[in-house]
Amino acid sequence: MADIHLHFNWDQEELVSAVEAIQILRKHNVTLAVVTATPAVNALKLRKAGGEWVLPILSPYLSGYSRHNWYTDKALLGKLRTMLQTGNYHGIGEVHLVVGLGPGYQSPVFRGIAALAEEFAVPVLLHTEAGSYRYFEKVCRGFPRVRFLWAHAGSILGAKDSAAILQACPNVWIEMSARDPHHYGSFLNADGTIPADWLQVFTEYPDRFMTGTDPVWKAQELHRWDRADEGWRHYAELNDFHRRWLAQLPDGLQEKIRLTNAQQFWLRKSTAK
Ligand SMILES: [Zn+2]
């Protein structure tokens with residue numbers, strides 16, 4: 001399985017070392033892992049402990065306490081460029097665009113991030129929170145040469161939003177992490193089956209979906225500050241959730257979403273040009 005949404009944040013490392021995290025991934029037969037971290041350099045620790053199948057991506061949250069003020073750092077874009085020049089990062093993200101909070105997609109800092117993604121030909125893992133796909137549509141149309149991976153299929157949005165965005169923007173892929181009971185709530189029916197509208201969009205766009213576990217715990221408690229994040233200790237539950245719904249798909253489609261779409265997306269340089 002490709003797990004394309006992992007975090008190795010400072011408050012996770014307090015509980016699970018990089019070596020232990022790699023052991024957990026290996027135990028679950030993860031053969032491609034995409035990891036982001038706060039602070040950004042923490043992602044490199046998993047690569048070092050695991051090897052080439054671990055792809056660090058560059059979070060703009062460069063310090064441990066910058067998740068909520070990163071965009072105010074006037075020197076940020078220069079620092080990101082220097083870090084991308086090392087060749088150690090295979091993408092940019094996770095970047096959060098939350099309507100009414102933090103920078104908008106037209107802000108200089110976000111435009112700068114998109115320009116860096118284009119310059120270095122790396123994709124952007126983008127998490128938006130908005131009431132419809134229309135917000136993200138402005139982003140993917142606004143930066144047509146950037147490949148975007150839409151985190152959590154828009155977090156709370158439905159299958160129709162995914163279908164609409166895939167139709168609107170050929171530079172968008174979608175990932176289903178955090179659509180489980182522990183994050184945004186399960187996207188599945190109460191009996192665990194895949195809803196018809198989701199099955200339809202997976203079938204219609206078989207090459208555009210992938211998935212991951214997003215092992216941050218009690219994601220509802222976004223601003224929890226007093227305890228370390230035990231997400232990696234729940235990795236098995238999260239991975240099982242995804243494998244259960246993947247297993248319901250026809251073989252060819254299942255293999256694409258579980259593994260090969262991610263391999264094609266992450267292991268090539270750029271298609272957007
Ligand atoms: Zn996210």
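The exercises below work through the fold and the backbone of one predicted protein model.

In this predicted model, local features need pLDDT of at least 70 and side-chain atom pairs count only at pLDDT 80 or more, whereas totals for chains, interfaces and linings use all residues. Residues are numbered from 1 along each chain as its sequence is written.

**Exercise 1. Describe the overall build of the protein chain.**

Start with the secondary structure: the protein chain has 10 helices and eight strands, where helices (H or I, at least four residues) and strands (E, at least two) are DSSP runs numbered from the N terminus. Next, take the extent of the C-alpha trace, which spans about 50 × 40 × 35 Å along its principal axes. Then compare the radius of gyration with the globule rule (taken over C-alpha atoms; 2.2 Å times the number of residues to the power 0.38): a compact globule of 273 residues would have a value near 19 Å, and the 17 Å of the protein chain agrees with this. Finally, consider burial, for which 46% of the 273 residues count as buried; a residue is buried if 20 or more other C-beta atoms, placed from the backbone, lie within 10 Å of its own, exposed if 12 or fewer, and partly exposed in between.

**Exercise 2. Establish how strand 1 is placed.**

Strand 1 covers residues 2–7, and because six of its six residues are buried, the strand is largely enclosed by the rest of the structure. Its pairing with strand 2 is parallel and runs over four bridges, pairing being assigned if DSSP finds at least two bridges between two strands. Within this arrangement, L6 stands opposite V35 in strand 2.

**Exercise 3. Locate the cis peptide bonds at P39 and E94, and the positive phi values at A121 and H152.**

As background, most residues other than glycine have a negative phi, and most peptide bonds are trans. The bond from T38 to P39 is cis, with omega near -5 degrees, and P39 sits in the loop between strand 2 (32–36) and helix 3 (43–50). The bond joining G93 and E94 is also cis, with omega about -5 degrees, but E94 belongs to strand 4 (residues 92–98).

Turning to phi, A121 has a positive value near 55 degrees in the loop between helix 5 (108–120) and strand 5 (124–129), and it counts as partly exposed because it has 15 C-beta neighbours inside 10 Å. H152, with a positive phi of about 60 degrees, lies in the loop between strand 6 (148–150) and helix 7 (159–168); its 25 C-beta neighbours inside 10 Å make H152 buried.
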